[in-house]
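Colleague: Before I rely on the labels attached to this model, I would like to hear the reasoning behind each of them. Could you take me through it?

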Amino acid sequence: MSTALSVEEYRDLLSGALPEATDADTAVPKVESLFTPDTHRAALYVDSTVVRGGRGVGKTFWYRSLLDETLREIAAQEYGIERLRRVKVSQGFGAALKQNFYPGPGNLRQLVEEGVRPYDLWYAVMLSAFGQPELRELPEWRDKALWVRNNPGAAERTVQHADQEAQRQGVTHLILFDALEHLHRVRAQADRLVGGILELALAMRLGTRSIRFKVFIRPDMYDGALLHFPDASKLSSNAAALTWSRANLYGLLFHTMGNHDSELAARFRQLTGGWQSEADGRRHVLPALLSGDEQCQSEQFTHIAGPYMGSNFRKGHTFTWLPNHLMDGVEQVSPRSFLSALEKALAETRSQYAGHEHALHHEGIRRGVQKASETRVDEISEDMPWVESAIKPLAGHQVPMEQAKVEALWEEFNLVDALRKLAERYVPHSADDDTKVRTGPRYPEDPKLLIEELITLGVMRRRRDGRIDLPDVYRIAFNVGRKGGVPRVAN
């Protein structure tokens with residue numbers, strides 16, 4: 001029996017299985033797409049209030065999966081989290097416009113401008129999830145928040161009743177928050193709104209037995225939130241992070257291939273062996289070797305992409321080369337970047353190297369990394385515009401470079417002034433609005449602290465000899481060179 005599919009069969013399977021759009025906002029979780037990496041178990045604990053994760057690591061995927069009873073059951077089973085089977089889930093905020101559950105971005109902007117306290121607003125959202133009858137009669141969120149403000153006793157009695165009722169039923173009422181970057185386009189106001197969510201989340205965790213929040217949040221937003229309330233540090237003590245190991249990434253790839261609805265996927269499962277089918281045969285669970293044994297994963301990926309990134313091992317091994325060049329400065333790879341790079345590698349191979357002996361050509365994989373770098377830079381430039389301003393002066397130079405050279409280039413570029421202007425930029429919403437945008441770093445005038453912040457974000461990293469480096473996933477699209485490194489895409 002053959003131990004692998006043919007080159008064209010691998011290409012056809014990858015073409016069908018790899019998602020066309022790797023943007024989480026357009027992907028709806030399905031039974032067959034639910035992959036459960038071992039590193040995500042803690043994030044799904046009911047008592048893990050804060051779940052930190054950058055772009056493309058699975059925050060929205062898990063938010064949507066937890067809203068679905070069938071997907072929750074699968075996660076509870078595979079992670080062995082019995083309590084996840086006994087939850088009543090509500091939406092506290094998300095990207096979808098659901099005015100009956102929570103105010104949308106336009107409404108939030110108006111409420112903030114009118115001076116509504118974020119804590120009162122989220123309290124109203126929570127009470128609405130509990131079905132508070134007086135709030136049900138109030139159509140506007142402004143009025144709901146005002147009711148909370150003016151009726152603290154009634155609000156607290158509603159919480160107490162909901163907590164007792166949940167205990168009687170043996171469930172936990174779990175309220176989910178996601179897409180917090182959409183709360184408000186002015187970062188300072190978004191920070192206030194996030195602070196209100198987290199303050200209320202802690203109050204419920206400390207004051208009730210059966211009401212819990214789960215807040216999916218980018219690390220920079222969590223760090224920037226205004227946590228000026230007692231015991232705020234307790235939120236960090238049980239925070240979880242959505243991280244991906246190399247074995248997780250390849251496990252996701254093989255899970256995606258094995259769960260495609262096709263004869264080729266069935267043959268792939270048969271050839272690799274050990275798969276278990278569940279959920280009425282709609283979902284196929286990876287064998288342990290394909291999900292957690294890198295030697296086995298490497299052998300399987302070699303069937304797809306060959307062993308080397310060129311003619312021999314000196315060019316690098318495909319299995320390690322791909323994730324290594326997608327890794328940021330804190331050694332994390334987003335699955336979105338990983339799958340996007342593979343999708344681009346396949347397209348490039350089919351258009352330029354169709355006769356290659358493997359399904360993916362190593363030049364196609366390089367092109368995939370270049371494309372993933374462009375996407376990653378676009379994302380961080382959108383999330384934190386100051387990062388682009390800080391890295392731009394390094395364009396055309398090579399890393400690693402001495403820290404003194406980085407500081408000299410910044411001084412030559414007048415970076416401090418550029419960051420100050422960026423931080424003080426106004427985004428008016430009305431003729432008399434003077435709200436400032438909080439877009440800059442914490443210490444724009446201190447180059448050493450600025451470098452440390454970029455290192456924390458994973459945009460830079462410090463080598464053992466003290467020199468400053470940029471990981472390829474940022475370096476390539478920022479047009480910063482490295483001797484022998486992956487070049488930028490030629491336009």
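**Labels and their reasons**

Modeller: Let me start with threonine 70, which lies in helix α3, residues 69–79, and keep in mind that this is a predicted model.

Colleague: Why is threonine 70 called partly exposed?

Modeller: The relative accessibility of threonine 70 is 39%, and because buried means under 20% and exposed means over 50%, threonine 70 counts as partly exposed. Threonine 70 is also 345 residues from leucine 415 in sequence, and the two C-alpha atoms are 51 Å apart in space.

Colleague: What makes glycine 484 exposed?

Modeller: Glycine 484, in the segment after α23, has a relative accessibility of 83%, and because exposed means over 50%, glycine 484 counts as exposed. Its C-alpha lies 49 Å from that of isoleucine 175, with the two positions 309 residues apart in sequence.

Colleague: How do you know that aspartate 472 is buried, and which side chains does aspartate 472 join through polar contacts?

Modeller: Aspartate 472 is found in helix α23, and its relative accessibility is 7%, so with buried set at under 20% aspartate 472 counts as buried. Its side chain makes a polar contact of 2.8 Å with the side chain of arginine 475 and another of 2.6 Å with that of arginine 482; both values are within the 3.5 Å cut-off.

Colleague: Why does asparagine 248 count as buried, and what does asparagine 248 touch?

Modeller: Asparagine 248 has its place in helix α12, and because its relative accessibility is 3%, against a limit of under 20%, asparagine 248 counts as buried. A polar atom of its side chain lies 3.1 Å from the backbone nitrogen of serine 245. Leaving aside residues up to four places away in sequence, asparagine 248 touches Phe35, Pro37, Asp38, Thr39 and Thr243.

Colleague: What makes you describe helix α16 as mostly covered, and what covers its buried residues?

Modeller: Helix α16 spans residues 318–326, and 7 of its 9 residues are buried, namely Thr318, Phe319, Trp321, Leu322, Pro323, His325 and Leu326. The elements that cover these buried residues include α12, α15, α17, α18 and α23.

Colleague: Why is strand β2 said to be largely enclosed, and which strand does β2 pair with?

Modeller: In β2, residues 87–93, 6 of the 7 residues are buried, so the strand is largely enclosed by the rest of the structure. β2 pairs with strand β3, residues 172–177, in the parallel sense over 6 bridges, where at least two are needed for a pair. Within this pairing, lysine 88 has histidine 173 of β3 as its bridge partner.

Colleague: Which residues of the largest nonpolar core touch the most other members?

Modeller: That core has 66 residues, of which Leu253, Phe254, Phe301, Leu322 and Phe338 touch the most other members. Phenylalanine 301, not counting residues up to four places away in sequence, touches Tyr250, Leu253, Phe254, Gly306, Thr318, Phe319, Leu322 and Leu342. There is also a second, separate core of 48 residues, including Leu198, Ile211, Phe213 and Met221.

Colleague: What volume does the second largest pocket have, and which residues lie nearest its centre?

Modeller: The volume of the second largest pocket is about 750 Å³. Its lining comprises 35 residues, of which Gly54, Pro219, Asp220, Thr456 and Leu457 lie nearest the centre. Two or more lining residues come from each of α10, α18, α19 and α22.

Conventions
Residues are numbered from 1 along each chain as its sequence is written. This is a predicted model: local features need pLDDT of at least 70, side-chain atom pairs count only at pLDDT 80 or more; totals for chains, interfaces and linings use all residues. Side-chain values use heavy atoms; hydrogens and water are left out. Buried means under 20% relative accessible area, exposed over 50%, partly exposed in between (1.4 Å probe, protein chains only). Helices (H or I, at least four residues) and strands (E, at least two) are DSSP runs, numbered from the N terminus. Contact means heavy atoms within 4.5 Å. A polar contact is a pair of N or O atoms within 3.5 Å; within protein, one must be able to donate a hydrogen and the other to accept it, and residues adjacent in sequence count only if both atoms are side-chain atoms. A nonpolar core is a set of buried Ala, Val, Leu, Ile, Met, Phe, Trp, Tyr and Cys residues joined through side-chain atoms within 4.5 Å. On a 1 Å grid over the protein atoms alone, a cavity is a set of points where a 1.4 Å probe fits but cannot get out, and a pocket is an open set with protein on both sides within 12 Å along at least five of seven lines; lining residues have an atom within 4 Å of a point. Grid points are joined across faces, edges and corners, and a volume is the space filled by probe spheres set on the points.
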